[in-house]
Amino acid sequence: MKYKPLLEYKNKHQEISPYHVAIIMDGNGRWANQQGKIRILGHKEGFKAVRKAIKFSIKKKIKILTLYAFSSENWNRPSCEINSLMELFLFALDSEIKNLKKYNIKLKVIGDITYFNKKLQKSIYNAEQLTLNNTGLILNIAANYGGRWDIIKGVKKIINKVQQGVLQINNIKENTLTQHLSTRKLLPVDLVIRTGGEKRISNFLLWEIAYSELYFTDVLWPDFDHNIFQNAINSFISRERRFGGFKGYEK
Ligand code: IPE
Ligand code: IPE
Ligand code: MG
């Protein structure tokens, strides 16, 4: 049987920069602690780093930038921190909408946003609709997102189709699940960057990163800048992606 790698994606462009970069933006709280500030001020500073990451992605012609903003486990935090994060999210969406238009950015939010208040849900919906036809950077924000949540949601949709008789069990392939995830319209993730020093995935894109390159840095998210982003890209470019095969051999 001919085996096709799950997330194989080859493109000449990857020699210059990756197509799809996903970032686990960690370390806001520790940054604030180091400055003797309250945690929310770390998140506010983190928002500035988000703008830098977006600008640099555009400059480097990265096609998709997926940012992990709030995980399905982040509800385990004190309610005052969660509320402040939601307010910041709302503020960021409303204040940046003009820039999304100006820079031709298409915004997409993945995650269970039904947990958010109505005002925030409406802002998300508006921003997505207003930028739907933009053709530049695809900015994908993971909010109340969990990789396991997404996989379960996808599996339920598949089971539904099987029960309705529109899909045969034997026809369920890896691509079937790929096509039932929140990220189905996006290209595979080439590079995952995690700031803040931890070397874990924390329930981010689980299925999608099977063959991604991983880059960890101790830099705390509010200190993230163009140089650190470029270091991650340089590391990515220097790596040989084999997808289970080996160099010089093409099937
Ligand atoms: C990441 O920074 C932002 C969110 C998870 C919302 P943290 O708030 O996790 O910062 P640290 O890891 O405690 O420093
Ligand atoms: C991961 O950071 C989630 C986001 C960056 C949104 P966490 O701070 O929540 O991860 P853990 O708890 O250290 O694994
Ligand atoms: Mg953290």
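Which residues of strand β5 (residues 191–194) are buried, on one side and on the other? Leu191 and Ile193 are buried on one side, and Val192 and Arg194 on the other. Both faces of the strand are thus covered. Buried means under 20% relative accessible area, exposed means over 50%, and partly exposed lies in between (1.4 Å probe, protein chains only).

This is a predicted model, in which local features need pLDDT of at least 70 and side-chain atom pairs count only at pLDDT 80 or more, while totals for chains, interfaces and linings use all residues. Residues are numbered from 1 along each chain as its sequence is written, chains are lettered from A and ligands numbered from 1 in the order in which they are written, and side-chain values use heavy atoms, with hydrogens and water left out.

**Strand β5 and its neighbours**

- Helices (H or I, at least four residues) and strands (E, at least two) are DSSP runs, numbered from the N terminus.
- Two strands pair if DSSP finds at least two bridges between them.
- Strand β1 (residues 20–24) pairs with β5 in the parallel sense, over four bridges.
- Isoleucine 24 has arginine 194 as its bridge partner in β5.
- Strand β6 (residues 213–216) also runs parallel to β5, and four bridges join them.
- Leucine 214 in β6 stands opposite valine 192.

**Ligand 1**

- A residue is near a molecule or strand if one of its heavy atoms lies within 4 Å of it.
- The residues around ligand 1 are Met25, Asp26, Gly27, Asn28, Gly29, Arg30, Arg39, His43, Ala69, Asn74, Arg77 and Leu85.
- By class, this shell has three nonpolar, five polar and four charged residues.
- Ala, Val, Leu, Ile, Met, Phe, Trp, Tyr, Cys and Pro count as nonpolar, Asp, Glu, Lys and Arg as charged, and the others, Gly among them, as polar.
- A polar contact is a pair of N or O atoms within 3.5 Å; within protein, one must be able to donate a hydrogen and the other to accept it, and residues adjacent in sequence count only if both atoms are side-chain atoms.
- Two backbones take part: an N or O atom of glycine 27 is 3.3 Å from an oxygen atom of ligand 1, and one of asparagine 28 is 3.1 Å from an oxygen atom of the ligand.
- Arginine 77 places a polar side-chain atom 2.7 Å from an oxygen atom of ligand 1.
- Taken alone, ligand 1 exposes 380 Å², and the protein buries 87% of that.
- Accessible areas come from the Shrake-Rupley method with a 1.4 Å probe; for residues, only the protein chains shown count as cover.
- Helices α1 (28–34) and α2 (39–59) are the elements that give two or more residues to the shell.
- α1 gives the most, with three residues.

**Ligand 2**

- Its shell is made of Ile24, Met25, Asp26, Tyr68, Ala69, Phe70, Ser71, Asn74, Arg77, Arg194, Arg200 and Ser202.
- Five of these residues are nonpolar, three polar and four charged.
- Strand β2 (residues 64–71) provides the largest share, four residues.
- Three arginine side chains have an N or O atom by an oxygen atom of ligand 2: arginine 77 at 3.2 Å, arginine 194 at 3.4 Å and arginine 200 at 2.8 Å.
- Taken alone, ligand 2 exposes 390 Å², of which the protein buries 79%.

**Salt bridges**

- Side chains of opposite charge can pair when their charged atoms come close.
- A salt bridge is a side-chain nitrogen of Lys or Arg within 4 Å of a carboxyl oxygen of Asp or Glu.
- The count by this rule is 14.
- Arginine 30 and aspartate 26 form one (3.2 Å, N to O).
- Arginine 30 is partly exposed at 32% relative accessible area, whereas aspartate 26 is buried at 18%.
- A network of salt bridges links Asp26, Arg30, Arg194, Glu198 and Arg200.
- Glutamate 45 meets lysine 48 in a salt bridge (3.3 Å, N to O).
- These two are three residues apart in helix α2, so about one helical turn separates them.
- Glutamate 45 is partly exposed at 23%, as is lysine 48 at 48%.
- Arginine 51 bridges to glutamate 96, with the closest N and O atoms 3.3 Å apart.
- That pair links distant parts of the chain, 45 residues apart: arginine 51 is in helix α2 and glutamate 96 in helix α3 (residues 79–102).
- Arginine 51 is partly exposed at 42% relative accessibility, while glutamate 96 is buried at 16%.
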